[in-house]
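Let's take a walk through this one together. Keep the 3D view open and turn it as we go.

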Amino acid sequence: MAKSFQLLLMIGRVVAAPVPQTLVDALQSVQVTSAAGGPSGFQLTFAVSKNSVITQTLLPFGLLDPPARVVVVAIIGGSPEVLMDGVITRHELSPGDAPGSGTLTVTGEDLTALMDLRHEQRTYPAQGLQIQVLRVLAAYAMYGIIPAPVLPKFVEPYLPQDKYRAQSSTDLAYLRALARDAGYVFYLEPGPLPGMSVAYWGPEVRAGLPQPALTVDSGPATNVESLSFGFDGMARTQFTIREEEPTTKIGISIGVPNVSMLHPPLASRPAMALKEEPLPNLAGLTAMEVLLKGLSRTAAAADAVTGQGKLDVLRYGHVLKARGLVGVRGAGLNYDGKYYVTRVTHEIKRGEYTQSFSLTRDAFVPFPPQKVDL
């Protein structure tokens, strides 16, 4: 359990710097949301009056105009945790009737917003997906973005004269298209230091050490305010590929194989797939492209078990992060074990830091602990 926390707010154009104390004093609340499958966002709310430094200086000189850079850091027990590195996309001023009763609300997204501003035309002859990712991200090195592409698990070899990729989209749309083609995801993870972000391009992180366990119904060891679970029996889908037997001309459906290569199971008893659908739009695709499309669609429809909860960060003692694993204990045999954290929303006010979160996985009953021979 942590005893206290501090908040560091930094704002600038390309390089962010700590804001003056008057702006810190005016800060009423901070909300940061990180989620799998989309950009992270933030919202800052300041108390203002017509004579405050915000209305007299910061707004008139455009210091809070888009795309000013914003970095939010929480310091828990002396350890900094970068919650957001993004840019302002919008602000709203609501003057009040009494001094200090007005508010300025600043809204923004992570640095992927900068990758979605301009339509680019480029070609990538004889360059693999990983090299293309590095080329696109090189333009954003000035923002401290460190590329971290993972070598694709399935690669279809081809001669440069036979086929090459061409980009006709924003950089963000192109990076996401490359990730989709490889069965991967793309997102920015802020940190590990203020002013830095890791550009992850690879499979969902469903392996490795989980974050400290969320504990429910365990007396003094309980460290969450609430946690509930749901099971959607219609969520999981078995995708199939339709083939015609050459002799009899009878069509047969072949199930897409196990998705564990891109989506390793998190528990031992998988939820049944009650729905079956053919993979759409396969005309003109190579065998490798059909395989990747099948694995990607099946992985996206594999999670049928979900969890929703809320915790106090000081009681939990850590900052729960999205797009990673976390353990659950105290919920019973069916729902204990590892989960993938799909969404975390940080709510910070003076002396108060809570997180609401969403979890998911594809099965019930945790795997038995593995024995280690010494």
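**Starting at a hairpin**

In the hairpin formed by strand 11 and strand 12, there are 6 residues between the strands, and one of them to look at is Gly-191, which takes a positive phi near 100°. Keep in mind from here on that you're looking at a predicted model. Stay on Gly-191 for a moment: the peptide bond that joins Gly-191 and Pro-192 is cis, with omega about 10°. Pro-192 itself sits in the loop between strand 11 and strand 12.

Now follow the two strands of that hairpin. Strand 11 and strand 12 run antiparallel and are joined by 6 bridges. If you want a place to anchor your eye, take Pro-190, whose bridge partner in strand 12 is Ser-197. On to the next neighbour: strand 12, residues 197-202, also connects to strand 9, this time in parallel, through 5 bridges. Here Ile-146 makes a handy marker, with Val-198 as its bridge partner in strand 12.

Put those pieces together and you have an open sheet of 3 strands in the order 9-12-11, with mixed pairing. Strand 9 (145-149) and strand 11 (185-190) are the edge strands, each pairing on one side only. From one strand to the next, the twist averages 20°. What lies across this sheet, touching strand 9, strand 11 and strand 12? That's helix 3, residues 129-137, and the helix runs at about 175° to strand 9.

**Back to the beginning of the chain**

Let's jump to strand 1, residues 5-12. Strand 1 pairs with strand 5 (residues 69-76) in the antiparallel sense, over 8 bridges. Gly-12 is a good spot to check this, since its bridge partner in strand 5 is Arg-69. Strand 1 has another antiparallel connection, to strand 2 (residues 16-18), with 3 bridges. Find Met-10 and you'll see Pro-18 as its bridge partner in strand 2. The link from strand 1 to strand 2 is a hairpin with 3 residues.

While you're around strand 5, have a look at what leads into it. The loop between helix 2 (53-58) and strand 5 holds Pro-67. The peptide bond from Pro-66 to Pro-67 is cis, with omega near 0°.

**A few stops in the loops and the tail**

Next, head for the loop between strand 13 (211-215) and strand 14 (226-231), where you'll find Asp-217. Its phi is near 50°, a positive value in a residue other than glycine. Is Asp-217 buried or exposed? Asp-217 counts as exposed, because its relative accessibility is 71% and the cut-off for that label is over 50%.

Asn-281 is another loop residue, this time between strand 18 (275-278) and helix 5 (287-300). With a relative accessible area of 66%, Asn-281 is exposed too. To get a feel for distances, draw a line from Asn-281 to Leu-214: they are 67 residues apart along the chain, and their C-alpha atoms are separated by 42 Å.

Finally, go to the segment after strand 23 (363-364). Val-365 is found there, and its phi is positive, about 65°, although Val-365 is not a glycine. Pro-366 is in that segment as well. How does Pro-366 rate for exposure? Pro-366 counts as partly exposed, because its 24% relative accessibility falls between the under 20% for buried and the over 50% for exposed. Leaving out residues up to four places away in sequence, Pro-366 touches Ala-267, Ser-268, Leu-333, Asp-336 and Gly-337. Asn-334 is 32 residues from Pro-366 in sequence, while their C-alpha atoms are 7.6 Å apart.

**Zooming out**

Now pull back to see the whole chain. There are 6 helices and 23 strands, and the C-alpha trace spans about 85 × 60 × 50 Å along its principal axes. Of the 374 residues, 43% count as buried. Among contacts with a separation of 6 or more, 68% come from residues 24 or more positions apart.

As for the outside, the accessible surface comes to about 19,000 Å², and 57% of that belongs to carbon and sulfur atoms. The chain carries 32 positive and 32 negative charges, and the mean positions of the two sets are 2 Å apart.

How values were computed
Residues are numbered from 1 along each chain as its sequence is written. This is a predicted model: local features need pLDDT of at least 70, side-chain atom pairs count only at pLDDT 80 or more; totals for chains, interfaces and linings use all residues. Side-chain values use heavy atoms; hydrogens and water are left out. Helices (H or I, at least four residues) and strands (E, at least two) are DSSP runs, numbered from the N terminus. Buried means under 20% relative accessible area, exposed over 50%, partly exposed in between (1.4 Å probe, protein chains only). Contact means heavy atoms within 4.5 Å. Accessible areas come from the Shrake-Rupley method with a 1.4 Å probe; for residues, only the protein chains shown count as cover. Lys and Arg count as positive and Asp and Glu as negative; His and the chain ends are not counted. The place of a charge is taken as NZ of Lys, CZ of Arg, CG of Asp or CD of Glu. Two strands pair if DSSP finds at least two bridges between them. Axes are lines fitted to C-alpha atoms, for helices over the stretch in contact, and angles run from 0 to 180 degrees between N-to-C directions.
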